[in-house]
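Visitor: I am new to this structure and would like to be shown around. Where should we begin?

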Amino acid sequence: MMVVLLGPPGVGKGTQGAILADDLGWHRLATGDVLRAARREGTQLGREAQRYMDRGDLVPDEIIVGMVRERLESLGADTGVILDGFPRTVPQAEALEEVLGELGAEVDAVLELTAPDDVLVKRISGRRSCAECGRLYNTYFDPPEVDGQCDDCGTSLTHRDDDDAETVAHRLEVYRAQTEPLVEFYRETDAELIRVDGDRSMPDVQAAIRSALEERLGVAGDEEQ
Ligand code: AP5
């Protein structure tokens, strides 16, 4: 099974993708997380990606597609996969079809999360993350017990470099221009296109996603099987 998570910056792809992967025992491949890890490690990929990410632009398709191809090939076709933040352009979606064709797989569903821009901007301005364990927090909606410190591992929380107001505004423009056309792209394929209102509490959004996946794909978590 392969599910693509689509949606603008701050809509909750990472939050919902992590819960879903955990509940279903699936693998979550988040291209933004892979790129940030590469930056922290100072690899060639990380250095190449940095200037695009800092400006809020997309990293070139050929870099991203090569990175995703390598990971999907190593996972094989039997693992459930949640793609978070990929594809993000029509050429990336076309390349994904090609890779999956070679692996004997296909995109089963595209989950499009939506929320108004003012909600996205507020969520992003309050986002804090733990560089050690990856846990996400939000100073407005989901704060840590001790200000600035991860509840799980005690590491200091950070604000992403690309989360300043100017870069966020640009990331939203990039989303509308380059990523939103994927909705039309997937309308022409066999994938189930599922739109979920992301402007609700985290548990409510997760419940809507789970019920749509169960209804449209027959996917249920361990506790429901
Ligand atoms: P990426 O890391 O993918 O960023 P993004 O798509 O802009 O999405 P975000 O991570 O900002 O938001 P999210 O939807 O995951 O929301 P989250 O769950 O964190 O990409 C970063 C950059 O990498 C790109 O700009 C590009 O340069 C590059 N890149 C990555 N993939 C690429 C690709 N395929 N091609 C080319 N370049 C690529 O939630 C946000 C906050 O809100 C959190 O604090 C969370 O706690 C809170 N929150 C979540 N849900 C709720 C809720 N329901 N109620 C209240 N608060 C909530």
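**A walk from R160 outward**

Guide: This is a predicted model. We begin with one side-chain pair: R160 and D162 are joined by a polar contact of 3.1 Å.

Visitor: Which loop is the place of R160?

Guide: R160 is not placed in a helix or strand here, but in a loop. That loop lies between β7 and α7 (165-179).

Visitor: Which residues is R160 in contact with, leaving aside its neighbours within four places in sequence?

Guide: D162 has a polar contact with R160, but D162 is one of the neighbours within four places and is left aside here. The contacts that remain are R36, R127 and R171.

Visitor: How far is a polar side-chain atom of R160 from an oxygen atom of the ligand?

Guide: R160 has a polar contact with D162, and the side chain of R160 also has a polar atom by the ligand. The distance from that atom to a ligand oxygen is 2.9 Å.

Visitor: Which residues come nearest to the ligand, of the 34 around it?

Guide: There are 34 residues around the ligand. Two of the nearest, R127 and R171, are also contacts of R160. The full set of nearest residues is T15, D57, R88, R127 and R171.

Visitor: Which residue has a polar backbone atom 2.7 Å from a nitrogen atom of the ligand?

Guide: Two backbone approaches can be told apart by the ligand atom. G14 has a polar backbone atom 2.9 Å from a ligand oxygen. The approach to a ligand nitrogen, at 2.7 Å, is made by the backbone of R200.

Visitor: In what order do the five strands of the parallel sheet stand?

Guide: This sheet is open, and its pairing is parallel. β2 (27-30) and β8 (192-197) have a single partner strand each, so they stand at the edges. The order is β2-β3-β1-β4-β8.

Visitor: What is the bridge partner of E112 in β8?

Guide: Strand β4 (residues 109-114) pairs with β8 in the parallel sense, over six bridges. Across from E112, the partner in β8 is R195.

Visitor: Which strands does helix α1 touch where it packs on the sheet?

Guide: Helix α4 (residues 61-75) packs on this sheet too, touching β1, β2 and β3. Helix α1 (residues 13-24) has a direction that makes about 170 degrees with that of β3. The strands touched by α1 are β1 (2-6), β2, β3 and β4.

Visitor: Which strands are at the edges of the three-stranded antiparallel sheet?

Guide: That open sheet has the order β6-β5-β7. Strand β5 (residues 127-130) is joined to β6 by three bridges, and S129 stands opposite L136 in β6. The strands that pair on one side only are β6 (136-138) and β7 (157-158).

Visitor: Is the crossing of α2 and α3 left-handed or right-handed?

Guide: The axes of helix α2 (residues 31-41) and helix α3 (residues 44-55) come within 8 Å and cross at roughly 115 degrees. The contact residues include L35 and R36 of α2 and A49 and M53 of α3; the contact as a whole divides into five nonpolar, three polar and three charged residues. The crossing is left-handed.

Visitor: Which peptide bond is cis?

Guide: P87 has its place in the loop between β3 (81-84) and α5 (90-103). The bond leading to P87 has an omega near -5 degrees. The cis bond is the one from F86 to P87.

Notes. Residues numbered from 1 in each chain as written. Predicted model: local features only at pLDDT ≥ 70, side-chain atom pairs only at ≥ 80, totals over all residues. Heavy atoms only, no water. Axes fitted to C-alpha atoms, helices over the stretch in contact; angles between N-to-C directions. Helix = DSSP H or I, 4+ residues; strand = E, 2+ residues; numbered from the N terminus. Left-handed = near helix turned anticlockwise from the far one by under 90°. Contact = heavy atoms within 4.5 Å. Nonpolar A, V, L, I, M, F, W, Y, C, P; charged D, E, K, R; others polar. Pairing = 2+ DSSP bridges. Near = heavy atom within 4 Å. Polar contact = N/O pair within 3.5 Å; in protein donor to acceptor, adjacent residues only side chain to side chain.
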